[in-house]
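Q: Mind walking me through how the labels on this structure are earned?
A: Sure, have a look at it here.

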Amino acid sequence: MGAKARLSRDELVSTALALADAEGLDAVTTRRVAQHHGATPMALYRHFRDKEAILDALAERLLSLVTVPDPDSRPWHEQLQEVLDALLPALREHPEVAGLVMTRILASEPGLALTERTLALLAEGGFPVDEAAEIASQVLCALVTLAISEPGRTDADRAAQDAHVEAKRAALATLSPTRYPYLVAAADSLAGCASHDLYYTRGSARIIAGIRAGARTR
């Protein structure tokens, strides 16, 4: 059996995801993915016409990791918080891929289901359709930003990442405390997260608080 016959779409997407996680999206090419399987780029065309199609599949794979909570009797904002909390782990685990979902969330069934649930909850909160759509887009952008901008996160290995954080902390600590008292005081927190879990918990809670504030002023 030839290499082409052995290739499956799921395996190829898994390979592309591993490449993105390790080296970033620039490393995801038909050549690199095919190489990993001992095949030629032509062997991938049965599943993916080009790199953009692979990126589409990566966004779908990330979104498929999200289990959208079922509706219940709790207030809409508590349920929306749960939806955000369901999405964040997938974005957090694959920050190199996270940005893809912003333009591709409506291109796959998992993304459609997530968006539909979000819009339904915002409708419960009293937001009209156009504003709910706007809020849903802004929420997704905010969550992706949380994942890709996590303080202290780099693409380097753990030792290099620790060194990066320490260098950033040291640079901030050398600032003039007279001119930059708040920056100096916040040097540790700006360089890296004291608690990564709290960083995400507080971030998503602030997003919900902002949406609720908008609902209260209607």
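Q: Which helix gives the most to the lining of the largest pocket?
A: That's α9, with six residues. Before going on: this is a predicted model, where local features need pLDDT of at least 70 and side-chain atom pairs pLDDT 80 or more, while totals for chains, interfaces and linings use all residues. Residues are numbered from 1 along each chain, and side-chain values use heavy atoms, without hydrogens or water.

Q: What makes α9 a helix, and how does its span fit the expected one?
A: Helices are DSSP runs of H or I with at least four residues, numbered from the N terminus, and α9 has 20 residues. The expected span is 1.5 Å times one less than the number of residues. For α9 that gives 28 Å, and the first and last C-alpha atoms are 29 Å apart, so the two are close.

Q: Why is E93 called exposed?
A: Exposed means over 50% relative accessible area, buried under 20%, and partly exposed in between (1.4 Å probe, protein chains only). E93 has 55% relative accessibility, so it counts as exposed. E93 lies in helix α5, residues 76-93.

Q: Which residues of α9 are buried?
A: Among them are A132, I135, A136, V139 and L140.

Q: What makes the lining of the largest pocket nonpolar, polar or charged?
A: Ala, Val, Leu, Ile, Met, Phe, Trp, Tyr, Cys and Pro count as nonpolar, Asp, Glu, Lys and Arg as charged, and the others, Gly among them, as polar. By that split the lining has 13 nonpolar residues, three polar and no charged.
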